[in-house]
Amino acid sequence: MKSAAEHREFVDLVEALRAAQDTITGASPPEDVARKAREGLEEVTRLLAPFTVSEAEQLAGYLITEPGHAQALAPVLHVDESSTEHVRGRLVLGRYYLGGNGAAHGGSIPLFFDDVLGRLANDGGRGTSRTAYLHVNYRKITPVGQELRVEAHVDRVEGRKRFVVGTIHDPEGDLTVDAEGLFVALRPGQP
Ligand SMILES: CCCCCCCC(=O)SCCNC(=O)CCNC(=O)[C@H](O)C(C)(C)COP(=O)(O)OP(=O)(O)OC[C@H]1O[C@@H](n2cnc3c(N)ncnc32)[C@H](O)[C@@H]1OP(=O)(O)O
């Protein structure tokens with residue numbers, strides 16, 4: 001397991017990237033400011049490109065003790081309570097995940113659940129599995145910029161099939177989304 005303690009600066013870099021994604025998404029800057037910001041981002045790419053590594057050596061997504069696992073793709077679950085069978089926590093979807101009219105983009109929700117349910121599917125020594133399906137029911141808009149409550153648990157395991165379910169509730173306590181994923185354990189040698 002890669003240690004977040006040894007890569008503190010990288011963890012902070014990914015946090016800064018998340019903040020940049022939110023800020024860029026919400027900004028309407030004058031052209032000269034947009035150009036300056038682009039040049040800054042291009043400088044980041046120039047700085048980091050020589051340190052590109054193989055998937056096995058990659059840090060993003062693999063610093064698993066960190067909220068968001070030092071990876072800027074999926075929304076971050078802040079875990080309050082967890083076991084090998086369940087997880088409870090909080091989620092704030094930043095401006096980056098806005099779809100429209102205050103509601104989260106519909107695609108950001110399965111992205112979030114694939115990560116949360118998938119990790120639970122693989123937890124508890126169950127080993128690696130892959131998403132066979134992810135069924136998401138949108139019951140009410142999921143607001144951005146507000147603290148949401150998340151719960152997920154392993155519903156049942158049938159041979160190689162792991163059924164994992166999850167919910168999101170808004171600050172009023174209303175259910176906004178429920179989801180079910182089927183994760184199939186990989187056979188030896190299966191990619
Ligand atoms: C640490 C990381 C956390 C993040 C986790 C993120 C996980 C991911 O996103 S993985 C990427 C997205 N998923 C993929 O790319 C998967 C692509 N698909 C595959 O690789 C394969 O189709 C795979 C592995 C899901 C299943 O294939 P295979 O291993 O051949 O299983 P197969 O023998 O056909 O089926 C096994 C069982 O699952 C069932 N099954 C498989 N797919 C489905 C499906 N889509 N719907 C319903 N049932 C299904 C089969 O019916 C069978 O059931 P039973 O045993 O009762 O007869």
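The protein chain comprises three helices and eight strands, which succeed one another along the sequence in the pattern α-α-β-β-β-β-α-β-β-β-β. The model is a predicted one. Along the principal axes, the C-alpha atoms of the protein chain occupy a box of roughly 60 × 40 × 25 Å. Of the 191 residues of the protein chain, 18% count as buried. Among contacts between residues at least 6 apart in sequence, 64% link residues at least 24 apart.

The domain assignment divides the protein chain into domain 1 (1-66) and domain 2 (74-191). The centres of the two domains, taken over C-alpha atoms, lie 24 Å apart. Five residues from domain 1 and four residues from domain 2 take part in the contact between them. On the side of domain 1 that touches domain 2, three residues are polar, two are charged and none is nonpolar.

Two residues of the loop between helix H2 (31-48) and strand S1 (77-82) deserve separate description, namely histidine 69 and alanine 70. Most residues other than glycine have a negative phi. Histidine 69, although not a glycine, has a positive phi of about 55°, and alanine 70, likewise not a glycine, has a positive phi of about 55°. Histidine 69 is classed as buried because 22 other C-beta atoms lie within 10 Å. Alanine 70 also counts as buried, because it has 24 C-beta neighbours inside 10 Å.

The largest nonpolar core contains 23 residues, and those with the most contacts inside it are Phe113, Val116, Leu117, Leu120, Ala152 and Val164. Helix H3 (108-122), strand S6 (147-158), strand S7 (161-169) and strand S8 (175-185) each give two or more residues to this core. The largest share, seven residues, is supplied by H3. The surroundings of alanine 152 illustrate the packing: leaving aside neighbours within four places in sequence, alanine 152 is in contact with His86, Val87, Val116, Leu117, Leu120, Val164, Val165 and Gly166.

The ligand is surrounded by 15 residues, of which Gly118, Arg130, Thr131, Ala132 and Val184 are the closest. The elements that contribute two or more residues to this shell are H3, strand S5 (129-138) and S8. H3 again features here, giving the most to the shell around the ligand, with five residues. By class, the shell consists of four nonpolar, five polar and six charged residues. H3 thus gives the largest share of the nonpolar core as well as the most residues to the shell around the ligand.

A further annotation comes from the UniProt record, an unreviewed entry that lists residues 101-175 under "domain: Thioesterase". Over residues 101-175 the chain is 20% helix and 45% strand, and the C-alpha atoms at the two ends are 19 Å apart. Asparagine 101 is located in the loop between strand S3 (98-100) and strand S4 (103-104). Asparagine 101 counts as exposed because it has 7 C-beta neighbours inside 10 Å, where 12 or fewer is the criterion for exposure. The C-alpha atom of asparagine 101 is separated by 9.0 Å from that of proline 143, a residue 42 residues away along the chain.

Methods: Residues numbered from 1 in each chain as written. Predicted model: local features only at pLDDT ≥ 70, side-chain atom pairs only at ≥ 80, totals over all residues. Domains from an automatic or database assignment. Contact = placed C-beta atoms within 7 Å. Nonpolar A, V, L, I, M, F, W, Y, C, P; charged D, E, K, R; others polar. Core = buried A, V, L, I, M, F, W, Y, C linked by C-beta atoms within 7 Å. Buried ≥ 20, exposed ≤ 12 C-beta atoms within 10 Å, placed from the backbone. Helix = DSSP H or I, 4+ residues; strand = E, 2+ residues; numbered from the N terminus. Near = placed C-beta within 6 Å. UniProt positions renumbered as here; feature names shortened; annotations may be inferred.
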